[in-house]
Amino acid sequence: MFVQFVTINVKPGFADQFEKAFRINFEGTRKEPGNLRFDVLRSQDEPNRYTIYEVFRDEDAFQAHKQSEHYAECVRLIDPIIVLPRPKQYFDAVMIDLAGTEN
């Protein structure tokens, strides 16, 4: 499995717009056959900071995700309202519980 964490800092006053735009990516990604989990988390301490937790079957599925129309549309909509860059971390899953996921 291939895991990615992305940190996204949204400019103040744009959280609602970000969440609406990011839902496009969330809903599209969950329909991808190679996606196992896709969570959008909002910090309680810093409400303009989000962490995205993504689990894909393998790196090929992750690369296919990055080529998807919903990903491109989301990036187009959020880039003007976030603080760039979007730091990313990549992991290999050692122990992971995917119970309750749809895919």
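The radius of gyration used here is taken over C-alpha atoms, and the rule for a globule is 2.2 Å times the number of residues to the power 0.38. The structure is a predicted model. For a chain of 103 residues, that rule gives a radius of gyration near 13 Å for a compact globule; the protein chain has 13 Å, so the two agree. Along the principal axes, the C-alpha atoms fill a box of roughly 35 × 30 × 25 Å.

The protein chain contains three helices and five strands. Read from the N terminus, the order of these elements is β-α-β-β-α-α-β-β. Of the 103 residues, 37% count as buried. Among contacts in the protein chain with a separation of 6 or more, 71% are between residues 24 or more positions apart.

A UniProt record, an unreviewed entry, places the feature "domain: ABM" at residues 2-91. Over residues 2-91 the chain is 38% helix and 34% strand. The C-alpha atoms at the two ends of this stretch are 6 Å apart.

The start of that stretch is a suitable place to begin. F2 is found in strand β1. With a relative accessible area of 10%, F2 falls under the 20% cut-off and therefore counts as buried. The C-alpha atoms of F2 and A93 are separated by 6.6 Å, although the two residues are 91 residues apart along the chain. Not counting residues up to four places away in sequence, F2 touches E54, V55, F56, R57, D58, E59, F62, Y90 and F91.

Q4 is also found in strand β1, which covers residues 2-10. Its relative accessible area is 4%, so Q4 is buried. Its side chain takes part in polar contacts with two other side chains. One, of 2.8 Å, joins Q4 to E54; another, of 3.4 Å, joins Q4 to Y90. Leaving aside its neighbours within four places in sequence, Q4 is in contact with I52, Y53, E54, F62, K88, Q89 and Y90. E54, F62 and Y90 are thus among the residues touched by F2 and among the contacts of Q4.

After β1 comes a helix. Helix α1 spans residues 15-30 and has 16 residues. From its first C-alpha to its last it reaches 22 Å, close to the 22 Å expected at 1.5 Å a residue. The helix has a kink of about 30 degrees, centred on F22. F22 is one of the buried residues of α1, together with A15, F18, A21, N25, G28, T29 and R30. What covers these buried residues includes strands β1, β2 (35-42), β3 (49-56) and β4 (82-83), as well as helices α2 (59-66) and α3 (69-78).

Strand β4 can be followed through one of its residues. I82 is found in this strand. A relative accessible area of 3% means that I82 is buried. I82 and N9 are 73 residues apart in sequence, and their C-alpha atoms are 5.7 Å apart in space. Leaving aside its neighbours within four places in sequence, I82 is in contact with I8, N9, V10, K11 and F18. Of these, F18 is a buried residue of α1.

Two serines in loops complete the tour. S43 lies in the loop between β2 and β3. S43 has 14% relative accessibility, which is under 20%, so this loop residue counts as buried. A polar atom of the S43 side chain lies 2.9 Å from the backbone nitrogen of E46.

S68 lies in the loop between α2 and α3. Its relative accessible area is 12%, so S68 is buried. The side chain of S68 reaches the backbone oxygen of H65 at 2.7 Å. S68 and N25 are 43 residues apart along the chain, with their C-alpha atoms separated by 9.2 Å. N25, like F18, is among the buried residues of α1.

Definitions and conventions: Residues are numbered from 1 along each chain as its sequence is written. This is a predicted model: local features need pLDDT of at least 70, side-chain atom pairs count only at pLDDT 80 or more; totals for chains, interfaces and linings use all residues. Side-chain values use heavy atoms; hydrogens and water are left out. Helices (H or I, at least four residues) and strands (E, at least two) are DSSP runs, numbered from the N terminus. Buried means under 20% relative accessible area, exposed over 50%, partly exposed in between (1.4 Å probe, protein chains only). A polar contact is a pair of N or O atoms within 3.5 Å; within protein, one must be able to donate a hydrogen and the other to accept it, and residues adjacent in sequence count only if both atoms are side-chain atoms. Contact means heavy atoms within 4.5 Å. UniProt positions are given in the numbering used here, feature names are shortened, and annotations may be inferred rather than shown by experiment. The expected span of a helix is 1.5 Å times one less than its number of residues. The bend at a residue is the angle between axes fitted to the seven residues ending there and the seven starting there.
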